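User: I'm new to reading structures and would like a close look at one part of this one. Could you take me through the place where the two chains meet, and then point out any odd spots in the backbone?

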Amino acid sequence: MKISAFHLMPHRELPPDFEQRYESVWVTPPWWELADAGRVGQYYNWTLDELLYAARAGFDGVCTNEHHQNAYGFMPSPNLMGSVLAKLTNGSDVAIVQMGATLPTSNPPIRVAEEYAMLDCISGGRLVAGLPLGSPMDVNLCYGITPLEHRERYREAFALTMKAWQAREIFAWNGRYHQLANVNLWPRPIQQPHPPVWVPGSGSISTFDFAVEHDVCYCFLSYSGARSARSMMDGYWRVVAERGKEANPYRAGFLQLVAVAENDAQAEAKYARHVEYFYHKCLHVPGAWFAPPGNQDYRSLAATLANPVRRAENPKTLRYRDFVEKGYVIAGSPATVRQRLEEEVIKGLRVGNLMVLLQIGSMPHELALENIDLFAREVLPHLRGTWDDEGWVNHWWPERLRGARSSGPAITSVAAGGA
Amino acid sequence: MTTATSRVPGAEAGARTQTIAVWQEQIRIRVLSKGSGPALVFFHGPWGLAWDPFLDELARDFTVHAPEHPGTTPDAPDDAYKLDGLWDLVLCYEELLDALGLERAALVGHSFGGMVACELAAAYPRRARALALIDPIGLWRETAPIVNWMMLNPADLPSHIFVEPTGEAARRLLGAPDDQDTAARVRLMWAMGATGKFIWPLPEKGLKKRIHRVKAPTLLVWGREDRLVPPTYADEFAGQIAGARVRAVEHAGHAPHLERPEPVARMVREFLTGATS
């Protein structure tokens, strides 16, 4: 089992009436009314400190991702964050999990291949290369990519990336969307033939097919928890079986929100408002923006409109206890969290590469460190060995880090928040 | 080129249908045709083609051909992926004119279709006998941004396109408002996606450099209460096409030919009759 700490880098201090006053947390929130660059600098530093704290506390990996023009999570360049993390975790066996730089918005897309190769070199071969399609809000609405071309551009960029990393000879790329006469990547990654590749998705059938066809780790990034993900992930494992691939749990990743406290009541007292802030404010986006016309192919569009089950529940009507009861968030005592993560997520969805979001919404720095610390001490060690008895190899993890985490120098405790 | 016929909406209005394959048979375009007289090609807007009273009115004096934009013809949704951009689309329609046996024709277009008609008339000035553009897109003014209808909640489309969002015209174009008609919703969303390919993220793809090539007599028709494309664009177009005339339509939004079919058909018919006789 590999367990990584995920971070969104959210705005932590949106006004209480944010979702009444503004159209959306994404694309159109007015910077000048809502943010202050000096304060945002503090958020970035807290984010880095929280991830470094997790790395030192024993997590297997640290994850950052790319989003644009929003207060939900604003790391427009995850690789800037990743390079800081790579440098400061050198000497440890923590993976740098970039979840990651978005291919369709990078022009030319070999920029991602180059930066990932840099990160792999800086980190000594500890990179996990997430290659996300990117959300419609980021790619179509903020970065101007035509929705109908979004997936095609992604597939072309993915193929170019894989070839650019591995080609022994200089080659010309005559693609539909990109033409490059002399592809000759400097640097190349340490990991050969290329770093492990994860492809995040949100349950679309075409992404299952793509992930299995390319033998990458499919990561379901859901905020609705394992129960609602079950039929989705069952669908993924069906595709894996149909294509004759082994049911290696490391072929699957999942993101889960987690909040740990001494007991269930304390978890509610500490975390309830931050969880509600996350679901009520950070996900405040007009529904239509998740699927601008043309973003879904015709087959998926017809399937979605014929069966709009996933849209049935509006998180704005739910409160903390609902989120916990429904599994959107796994919160409570270490025993509660251990049990639910193991049963619902790890075993229930057959997940080998788990990501946990521990800084949630408005959660302040000190409380985030507390959550990370409790998880690392009271939960993580109990889950780590989950799949060991089945003997699977995690082909989707840096080879030199596939063993159990050692107590290297990076484990030495650090002062919380030392920026 | 191959031709096939099938029953479609519009057939009940007496329109003939044929599906014509162009672009080395990769793009299948269904064409509804009706009437007799000089040839008129009508290019529909971003919400798909539905035969309507406006086209019926025109068919009294013209042979109206109404093609469906690539990808919006039923059973051929993936044809939308086979063109790379506007240049390919214009070439496709030039091939379609050949397939219809039309050396020259009056070109009429609404919204996105107005942009297509104008681009075609700029690329092939001699093939456009006359041009009638109804609330077209294709130009951009910083002081008058065009609303991106693809970012709107579909439930908000009627009030953005029509002065009377619950009227018959809105229902005919957009389907039932209650979301129950899944097939209509799929058709609508896909029509926006397939046409959006040529105009995302802003509907200005260089027409301003080409519009001077339009030589056809041109009429601009604009709904006075257009909430998507401000009526100020009528002057923008007219200022760049020599001799262009502008007619405003009262009590109409972005689709005046659907909300006020008779007066708009009369304007267009009179203009085209004068221009094509």
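Analyst: Let's begin with a backbone spot in chain A, then work round to the interface. A:P187 sits in the loop that links strand 6 (179-183) to strand 7 (197-201) of chain A. The peptide bond between A:W186 and A:P187 is cis, with omega about -5°. Keep in mind that this is a predicted model.

Chain A has another cis bond, running from A:M99 to A:G100, with omega near -5°. A:G100 lies in a loop too, between strand 3 (95-98) and helix 5 (110-122) of chain A. Why point these out? Because most peptide bonds are trans.

Now for the place where the chains meet. On the chain A side, 23 residues are in contact with 23 residues of chain B. Together the two chains bury about 2,000 Å² between them, and carbon and sulfur atoms give 70% of that area. In chain A, the residues that lose the most area to chain B are A:L148, A:P293 and A:Y298, which together make up 34% of what that side buries.

There's some charge pairing as well: the count between chain A and chain B is two salt bridges. One of them links B:D84 with A:R176, whose closest N and O atoms are 2.3 Å apart. Six residue pairs between the chains are in polar contact.

Which helices of chain A help build its side? Helix 6 (136-142), helix 7 (147-166) and helix 11 (298-306) each supply at least two residues. Helix 11 of chain A gives the most, with five residues. Sorted by class, the chain A side has 14 nonpolar, five polar and four charged residues.

Over on the other side, chain B has ten helices and nine strands. Its radius of gyration is 17 Å, close to the 19 Å that the globule rule gives for 277 residues, so chain B is as compact as a globular protein of that length. Of those 277 residues, 61% count as buried.

Back to the backbone, with one residue from each chain. Phi is near 55° for A:D215 and near 45° for B:D135, positive in a residue other than glycine. They catch the eye because most residues other than glycine have a negative phi. A:D215 is in the loop between helix 8 (205-213) and strand 8 (217-221) of chain A, and is partly exposed at 36% relative accessible area. B:D135 is in the loop between strand 7 (128-134) and helix 4 (157-161) of chain B, but B:D135 is buried, with a relative accessible area of 0%.

How values were computed. Residues are numbered from 1 along each chain as its sequence is written. Chains are lettered from A and ligands numbered from 1 in the order in which they are written. This is a predicted model: local features need pLDDT of at least 70, side-chain atom pairs count only at pLDDT 80 or more; totals for chains, interfaces and linings use all residues. Side-chain values use heavy atoms; hydrogens and water are left out. Contact means heavy atoms within 4.5 Å. Buried area is the accessible area (1.4 Å probe) that two parts lose on being put together, summed over both. A salt bridge is a side-chain nitrogen of Lys or Arg within 4 Å of a carboxyl oxygen of Asp or Glu. A polar contact is a pair of N or O atoms within 3.5 Å; within protein, one must be able to donate a hydrogen and the other to accept it, and residues adjacent in sequence count only if both atoms are side-chain atoms. Helices (H or I, at least four residues) and strands (E, at least two) are DSSP runs, numbered from the N terminus. Ala, Val, Leu, Ile, Met, Phe, Trp, Tyr, Cys and Pro count as nonpolar, Asp, Glu, Lys and Arg as charged, and the others, Gly among them, as polar. The radius of gyration is taken over C-alpha atoms; the globule rule is 2.2 Å times the number of residues to the power 0.38. Buried means under 20% relative accessible area, exposed over 50%, partly exposed in between (1.4 Å probe, protein chains only).
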